[in-house]
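Morning, everyone. I have one helix to talk through today, along with what packs on it. Here is the model.

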Amino acid sequence: MDPRNLPLLGPPSNPEQDYLGEFADISGRRILCIGYSEAEVDNLVAKYDPASISLFTNWVNHVDAVVKKYPLFIGDITKRTEFPDDAFDAVLTLSVLEHLSDLMGAVKEMTRIVRKGGAHLHLFGPAWSSCYGHHIYACKGDKLLEFTQWQMPAHIHLLCDKEEIKSYYLDCGYSEAHVLSVFHWFYETPIINRAFYDEYARIFADSYQIDKMQLMYNHLPTEHLNRLRSKFPGSIDFSTYGGKYHLKVLK
């Protein structure tokens with residue numbers, strides 16, 4: 001399919017990140033933050049006065065691992081961590097779930113380390129099935145090489161083959177090197193999981209009580225949505241980018 005025939009849908013709704021005050025009371029709680037830098041903890045979490053804050057990351061060469069003010073733990077949340085059972089009252093993740101290779105494994109581990117009746121507070125996106133699920137970040141600020149500019153043809157990664165994508169970028173004035181970079185971010189980088197939103201929704205519904213959620217999404221033209229559902233039978237939701245979720249642990 002020619003990418004020029006795909007809709008341009010702009011940014012998803014509800015992109016703001018400071019959602020904790022609206023979604024949950026974490027005052028006096030033992031909190032584990034995953035995917036937060038120290039500055040993000042200061043700005044988004046600490047102001048709600050939790051009893052304790054710990055940080056966790058698997059990316060040791062990332063800003064999330066540059067921490068001085070809070071206890072920092074390194075590990076893989078999709079596997080058993082060093083934390084004892086019921087170590088926390090809540091786990092907070094920020095743009096983490098879309099990067100996990102084993103969503104169910106992560107859910108099981110986060111549930112183990114959070115007490116019964118505690119909470120998982122997730123803000124994530126983009127899901128691979130969304131307009132910008134390719135998560136391309138080949139050139140910061142470039143309208144066709146950074147997904148957060150919201151100017152790429154919707155679902156180009158799902159509806160177009162490599163030759164169509166290559167022709168599109170070359171015709172737009174990009175080089176062969178740019179095309180290879182696009183292919184890397186679309187199909188090769190191991191730092192995103194390429195899970196459709198339907199999988200997230202199923203895991204959430206099976207594993208938690210969903211207390212609150214606020215979706216980030218794009219309105220899709222009917223013809224475009226039908227084309228996606230026809231190509232990927234059994235998949236329904238291609239509009240949801242991700243969202244904000246307050247999930248209660250029921251174990």
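I'll take the helix from its start to its neighbours. Keep in mind that this is a predicted model.

The helix is α5, residues 162–171. Start at its beginning. There, a side-chain oxygen of Asp161 comes to within 3.1 Å of the backbone nitrogen of Glu163. Beyond the other end sits Gly173. Its phi is positive, near 95°.

Now the sides. Which residues of α5 are buried? Ile165, Tyr168 and Tyr169. These three lie on the same side of α5, because they cover an arc of only 90° around the axis. The general rule behind that: an α-helix has 3.6 residues a turn, so residues three or four places apart point the same way. Turn to the face away from the buried side, and you find Glu163 and Asp171, both exposed.

What covers the buried residues of α5? The cover includes α4, residues 156–159, and α6, residues 176–188.

Let me stay with α6. Packed helices are described by the angle and the distance between their axes. For α5 and α6, the axes come within 9 Å and cross at roughly 135°. Oblique counts up to 145 degrees here, above which a pair is roughly antiparallel. The two helices α5 and α6 are therefore oblique to each other. Their crossing is right-handed.

Last, the contacts. From α5 come Lys162, Ile165, Lys166, Tyr169 and Leu170. They meet Glu176, Val179, Val182, Phe183, Phe186 and Tyr187 of α6. Note that Ile165 and Tyr169 are on both lists: buried in α5, and in contact with α6.

Technical notes: Residues numbered from 1 in each chain as written. Predicted model: local features only at pLDDT ≥ 70, side-chain atom pairs only at ≥ 80, totals over all residues. Heavy atoms only, no water. Buried < 20%, exposed > 50% of the residue type's maximum accessible area, 1.4 Å probe, protein only. Helix = DSSP H or I, 4+ residues; strand = E, 2+ residues; numbered from the N terminus. Arc of directions from axis to C-beta. Contact = heavy atoms within 4.5 Å. Polar contact = N/O pair within 3.5 Å; in protein donor to acceptor, adjacent residues only side chain to side chain. Axes fitted to C-alpha atoms, helices over the stretch in contact; angles between N-to-C directions. Parallel < 35°, antiparallel > 145°, perpendicular 65-115°, else oblique. Left-handed = near helix turned anticlockwise from the far one by under 90°.
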